[in-house]
Amino acid sequence: MSDENLQPVFQIQRVYLKDMSLEQPNSPAIFLEQEAPSIEVSLDVGAEAIADGIYESTVTITVTAKVKDKVAFLVEGKQAGIFEARNIPADQMDPLLGIGCPNIVYPYLRGNIADIITRAGFPPVHLAEINFEVFYQQRRQALADAAAAAPAANATN
């Protein structure tokens, strides 16, 4: 039987919390502040092959809350999923791992981050939905721009 006759396979094997950390460097004094904290959120995604046809996809979110110049809390969470992806055309694998898998993993991470912030004694932070397709395209463009700039930088050295 040739590869042409094989049906594409995409299955979730497992979704799990890979890492979670919470820092409250200015507690308990920060709880006495009346001002609402400013919230900064950063995002990263990653994927790697862990076996033949088996991939781990990760989404990492860092939430930093500050009141004036003091950090109220810093939470970093990494949610991961193990996915089976076989007989997927090569040109579709990167978007699948960069868009499809993070879309599955992210809601779990969102809930875990809201939960840990609430358990830390702060009002919950509800992270917005993320358009992973736009994030993927922006990331690809940034890599292309960096690759284009690298030869120019090397030529001037």
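Lys 66 touches Pro 37, Ser 38, Glu 40, Val 71 and Ala 72, leaving out residues up to four places away in sequence; contact here means heavy atoms within 4.5 Å. Lys 66 sits in strand E3, where strands (E, at least two residues) and helices (H or I, at least four) are DSSP runs numbered from the N terminus. With a relative accessible area of 30%, Lys 66 is partly exposed. That label covers values between buried, under 20% relative accessible area, and exposed, over 50%, with a 1.4 Å probe and protein chains only. From Lys 66 to Leu 43 the C-alpha to C-alpha distance is 18 Å, with their positions 23 residues apart in sequence.

A word on the basis of all this. The model is predicted, so local features need pLDDT of at least 70 and side-chain atom pairs count only at pLDDT 80 or more, while totals for chains, interfaces and linings use all residues. Residues are numbered from 1 along each chain as its sequence is written, and side-chain values use heavy atoms, with hydrogens and water left out.

**Strand E3 and its partners**

Let us stay with E3, which is mostly covered: 13 of its 14 residues are buried. E3 pairs with E2 in the antiparallel sense over 13 bridges, and 14 bridges join E3 to E4, again antiparallel. Two strands count as paired if DSSP finds at least two bridges between them. On the E2 side, Glu 40 stands opposite Thr 64, and Asp 44 stands opposite Thr 60. On the E4 side, Ser 57 has Gly 81 as its bridge partner.

Ser 57, a residue of E3, is a good place to look inside. Its relative accessible area is 0%, so Ser 57 is buried. Beyond its neighbours within four places in sequence, Ser 57 is in contact with Gly 46, Ala 47, Gln 79, Ala 80, Gly 81, Phe 83, Leu 97, Cys 101, Pro 102 and Val 105.

**Turns and backbone angles**

The hairpin of E2 and E3 has two residues between the strands, and Gly 53 there takes a positive phi near 80°. The hairpin of E3 and E4 also has two residues between its strands, with Lys 68 at a positive phi near 55°. Most residues other than glycine have a negative phi, and most peptide bonds are trans. Two residues other than glycine with a positive phi, and one cis peptide bond, are set out below.

| Site | Backbone value | Location |
|---|---|---|
| Lys 68 | phi near 55° | loop between E3 and E4 |
| Asn 87 | phi near 60° | loop between E4 and H1 |
| Ser 27 and Pro 28 | cis, omega about 5° | Pro 28 in the loop between strand E1 (9–23) and E2 |

Lys 68 counts as exposed because its relative accessibility is 57%. Asn 87, at a relative accessible area of 35%, is partly exposed.

**The nonpolar core**

The largest nonpolar core has 32 residues, and those with the most contacts inside it are Val 59, Ile 61, Val 63, Phe 73, Ile 113 and Ile 117. Such a core is a set of buried Ala, Val, Leu, Ile, Met, Phe, Trp, Tyr and Cys residues joined through side-chain atoms within 4.5 Å. The elements giving two or more residues to this core are strand E3 (54–67), strand E4 (70–86), helix H1 (90–119) and helix H2 (132–156). H1 gives the most, with eleven residues. For Ile 117, setting aside neighbours within four places in sequence, the contacts are Val 63, Phe 73, Val 75, Phe 122, Pro 123, Pro 124 and Val 125.

**The largest pocket**

About 190 Å³ of space lies in the largest pocket. On a 1 Å grid over the protein atoms alone, with a 1.4 Å probe, a pocket is an open set of points with protein on both sides within 12 Å along at least five of seven lines, and lining residues have an atom within 4 Å of a point. Grid points are joined across faces, edges and corners, and the volume is the space filled by probe spheres set on the points.

The lining consists of Val 45, Gly 46, Ala 47, Asp 94, Leu 97, Gly 98, Phe 135, Tyr 136, Arg 139, Arg 140 and Leu 143. Strand E2 (38–51), H1 and H2 are the elements giving two or more residues to this lining, and H2 gives the most, with five. By class, six lining residues are nonpolar, two polar and three charged. Here Ala, Val, Leu, Ile, Met, Phe, Trp, Tyr, Cys and Pro count as nonpolar, Asp, Glu, Lys and Arg as charged, and the others, Gly among them, as polar. Gly 46, Ala 47 and Leu 97 are among the lining residues, and they are also among the contacts of Ser 57.
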